[in-house]
Amino acid sequence: MADAGVTSTGATSSVSRGIRSLLRRPEASIILVMLALCAFLSVANPRFLSLDNFMNIARNYSDIGIGAVGMTLVLIVAGIDLSVASVMALGGLVAALAMTSWGLPIPIAILLGVSAGAVIGLVNGLLVQRLRLPPFIATLGMLGVARGIVVGTTSGMGVSGLPKEFTAIGQGYIGPVPIPVIVMVAVALVVGLFLAYHLWGTYIFSIGGNETAAVLTGLPVARVKIFVYVVCGLLAGLAGVLLVSRVGVSLPGQSLGYELQVIAAAVIGGVSLTGGRGTVLGAVLGAMIIGLIQNALVLLQVPPYWQQAFIGGIIILAAVVDMLRQRRG
Amino acid sequence: MLETSSLGTGSAAPPLLEARGISKRFGGIQALDAVDFTLRAGEVMALAGENGAGKSTLIKILAGAYQGDAGEIFIDGQPVEIHSPDESERLGISVIYQEFNLTPNQTVAENVFLRDPQRRSGFLGRLNLIDQGARRKATRALLEQVGSSVDPDQKVSELTVAHQQMTEIAKALAMEARILIMDEPTSTLPDAEVEILFDIIRQLRARGIAVVFVSHRIEETRQIADRVTVLRDGQFVGEESVADVSDQQIIRMMVGRVVDTLYPKTEAMPSETVLSVRGLTRKGVLKDVSFDVRRGEVLGLAGLVGAGRTEIARCIFGADRFEQGTITLDGEPVIIRSPQDAVRLGIGYVPEDRKRQGLFLEMSVRDNIAMSVAHQMTRGGFVDRSAVAEVAASFRDRLSVRPPQLDVAVSRLSGGNQQKVALAKWLALRPKVLILDEPTRGIDVGAKAEVHALIDELAHEGMGIILISSELPEVLNMSDRIIVVAEGELVGELSRQEATQERCLELASIKSMRAAKGSPEHGDVPWPTQA
């Protein structure tokens, strides 16, 4: 149900009931799709089935995944944040400038990049909650403003010459696992647990389910909604910093159009665009599915020009599956 | 077949509509089980039953919105099949649902002739060009038949609920309906307008139109209906002439057991004042409203819909701002800027529309009940789930919410049980003052009696209760004191002993009603009152 992340139906009584309740979790269908996809690809191209390939996919889509975690919160309160891709670019740029032009130490630079995202998120939240702008409009405007700031301050030029210690974060590994993937998993874990067990996690679902009732129950609706936009901006900033660290340069056109992939990841992961429903795990898996499909298209030698059409098709398919599942109750 | 269908009415003519053995299953639930329903021309048939009895399903099958699994339908003795709303309308059946089927941004005339848009004659008509003048004239004629003076060119969204309803009736007449089915037509109407609606229904009856009237209010059924068909749990219980049965008998048929009293009110022992409102003023809405609520008493707020009752509640609860006035709680002046403030101070508000304003439908019963108190049960911000479950379970038991599973989404519950959950949410908070806005709207008789018993109990425990209801019998029978509101002002206060339906209506209408539409035969004693 709506609070699938909150209700934990006890899998204690028997194994078959446990499996059934697992299958009923909203993520189940995504995992099944992923397994089917993997099975098909391993047959179609033996190069697919390798740890390296998987880790590569996960690393390349970790920024989408981190962005999707924040987007999930915003979507659950029945909002939307179209500015995430621009905020990623801004967060990355701030961190890059802090290290190169301003000569600040790396941790401070990272902190500044992430904070820049949080500040934009705060502005989004205030526009939506205090000025009552529709989230679509407010964040569409912010999409332009944030990207404009990036292009404006750099006059369209990239920022390179980043310290090796910084790029080592995005390009490095701990054991076999790329560091950005570890960050993504950590973010998903923290936010996922927050959503499931923290008081405000329940409030987020309540507001998305019925905002009027939430207000009339005396819940701190304004604070929760602003908070959610701040988290979304903050995570977009973090994703942007990681992206710059991974590719080793901040470019004004970086992450252009990622907002659609971020939203797509959440929707594929079962997050409802009308609010009240969704899980962080689903959103991250959604991002990984997008990665898998793009990887598959490359391995199957589908011309890259066709990739967009495939991703679009998957979004529609995910929406249809979700609809059927809901109708079944 | 045809010979047996006249059901011994003595007349040879077959009934206008006859449905036999109608069954309908939704998943595991048998919504209708071989139900019979007979309707004669020129009669008003009440369709009674608790929520979930199958009334709506039956209506929707006649309307073509659902297809029955089994059963036959005859019109004028001829077997018919109804596969779609369109076919139903062609057969002369018109349904007016609670949520009107009007396009709010179009005019009355456009709505009335939505199906048959009054094309011009000749070539222009074939181009689908509309003869606006003819349509306006025809609309006006139809509106006059229902005694309405609404301007055909007015937008529907600008009309009152009563006038929208008249537009719906005119629309049915435009389609030459012979059978008019009205699903709870009075639930959203102020009392004064109900009389006007009843006059219209009587006129339709006189013209030979059969009216099916669905209502939860027994007194209305008695007032307007000739016969009553009662359903319970999807089964046909009986069909009686209203004159032949007592209210208690109808209730017993609906509930399946004896409900000894709908209003179990006991003597109140009000003590000191808990809430004082002085000079409450909100521009254009409320003017200088002052009153007190004492611990242990139920204060009834009576008045017509739109008189300002809900607005008073919303101002006290911080949901709306007000320009002037003071609120004192337990002798201390308080400032309430938001519902959060009100909740913190110990004021609860059960809003009138539980689905839109009160409940989180997709969330569990447990989360709904605990929503107002969950913040008191956290460790470092994380919710203590066992404490939450405990609270939810205790209030579920106290209000006997069915089904008892706390994991069930509230959307799966019946209206009565949803209302209990909406109430439980506030009880968990143990408020000093509880404002109940239409606490029994649209819930069945059994649940209604339970809610009333709870109100009485809460007052006895020392809560100050403000009761807002459009059902005068409810206000009269459950309140210790009644204040009457009209056009945003207090126009009178009545003690329990002084208060009668007539006096309340009189006070409520002083300002707004110019022409009281005659004096309809008020034979209806509020039912069933405790002596």
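B:Ser400 lies in the loop that runs between helices α14 and α15 of chain B, where helices (H or I, at least four residues) and strands (E, at least two) are DSSP runs numbered from the N terminus. The model is a predicted one, in which local features need pLDDT of at least 70 and side-chain atom pairs count only at pLDDT 80 or more, while totals for chains, interfaces and linings use all residues. Residues are numbered from 1 along each chain as its sequence is written, and chains are lettered from A and ligands numbered from 1 in the order in which they are written.

**Backbone features of chain B**

Most residues other than glycine have a negative phi, and most peptide bonds are trans. B:Ser400, which is not a glycine, nevertheless has a positive phi of about 40°, and because it has 12 C-beta neighbours inside 10 Å, it counts as exposed. The scale behind that word calls a residue buried if 20 or more other C-beta atoms lie within 10 Å of its own, exposed if 12 or fewer, and partly exposed in between, with C-beta atoms placed from the backbone. The loop between α14 (385-398) and α15 (415-427) of chain B also holds B:Pro403, and the peptide bond that joins B:Arg402 to B:Pro403 is cis, with omega about -10°.

Residues of chain B with a positive phi include the following.

| Residue | Phi | Place |
|---|---|---|
| B:Ser400 | about 40° | loop between α14 and α15 of chain B |
| B:Glu487 | near 50° | loop between β21 and β22 of chain B |
| B:Gly64 | near 85° | follows α1(B) |
| B:Gly318 | near 80° | follows α10(B) |

**The hairpin of β21 and β22**

Strands β21(B) and β22(B) run antiparallel and are joined by six bridges; two strands are taken to pair if DSSP finds at least two bridges between them. Within this arrangement B:Ile483 stands opposite B:Glu493 of β22(B). The hairpin has two residues between its strands, and B:Glu487 takes its positive phi there. With 17 other C-beta atoms within 10 Å, B:Glu487 is partly exposed.

**A four-stranded sheet and its helix**

In chain B, four strands form an open sheet in the order β2-β1-β4-β5, with antiparallel pairing. Its edge strands, each of which pairs on one side only, are β2 (29-39) and β5 (78-80) of chain B, and the twist from one strand to the next averages 30°. Seven bridges hold β1 (residues 17-26) of chain B and β2(B) in antiparallel pairing, with B:Phe26 standing opposite B:Ile29 of β2(B).

Helix α1 (residues 55-63) of chain B lies across β1 and β2 of chain B and runs at about 65° to β2(B); axes are lines fitted to C-alpha atoms, for helices over the stretch in contact, and angles run from 0 to 180 degrees between N-to-C directions. Nine of the nine residues of α1(B) are buried, leaving the helix mostly covered, and among them are B:Lys55 and B:Lys60 as well as B:Leu58 and B:Ile59.

Helix α10 (residues 309-316) of chain B is largely enclosed by the rest of the structure, because eight of its eight residues are buried. They include B:Arg309, B:Glu311 and B:Arg314 alongside B:Ile312 and B:Ile316.

**Core and interface**

The largest nonpolar core has 263 residues, and those with the most contacts inside it are A:Ile204, A:Val284, B:Ile465 and B:Leu467. Such a core is a set of buried Ala, Val, Leu, Ile, Met, Phe, Trp, Tyr and Cys residues joined through C-beta atoms within 7 Å. Helix α12 (residues 221-247) of chain A gives the most to this core, with 18 residues. Leaving aside residues up to four places away in sequence, B:Leu467 touches several residues, including B:Val298, B:Leu301, B:Leu436, B:Ile455 and B:Met478.

Between the chains, 22 residues of chain A are in contact with 28 residues of chain B, contact meaning that the C-beta atoms of two residues, placed from the backbone, lie within 7 Å. On the side of chain A that touches chain B, the elements giving two or more residues are α10 (199-209) and α11 (211-216) of chain A, and α10(A) gives the most, with five residues. That side divides into ten nonpolar, eleven polar and one charged residue, with Ala, Val, Leu, Ile, Met, Phe, Trp, Tyr, Cys and Pro counted as nonpolar, Asp, Glu, Lys and Arg as charged, and the others, Gly among them, as polar.

**Confidence in chain A**

The mean pLDDT of chain A is 89, and 92% of its residues reach 70 or more, pLDDT being the predictor's confidence in each residue, from 0 to 100. Over residues 1-12 of chain A pLDDT stays under 50, and the model has 30 contacts beyond four places in sequence for this stretch. Where pLDDT is low, the predicted coordinates should not be read in detail.
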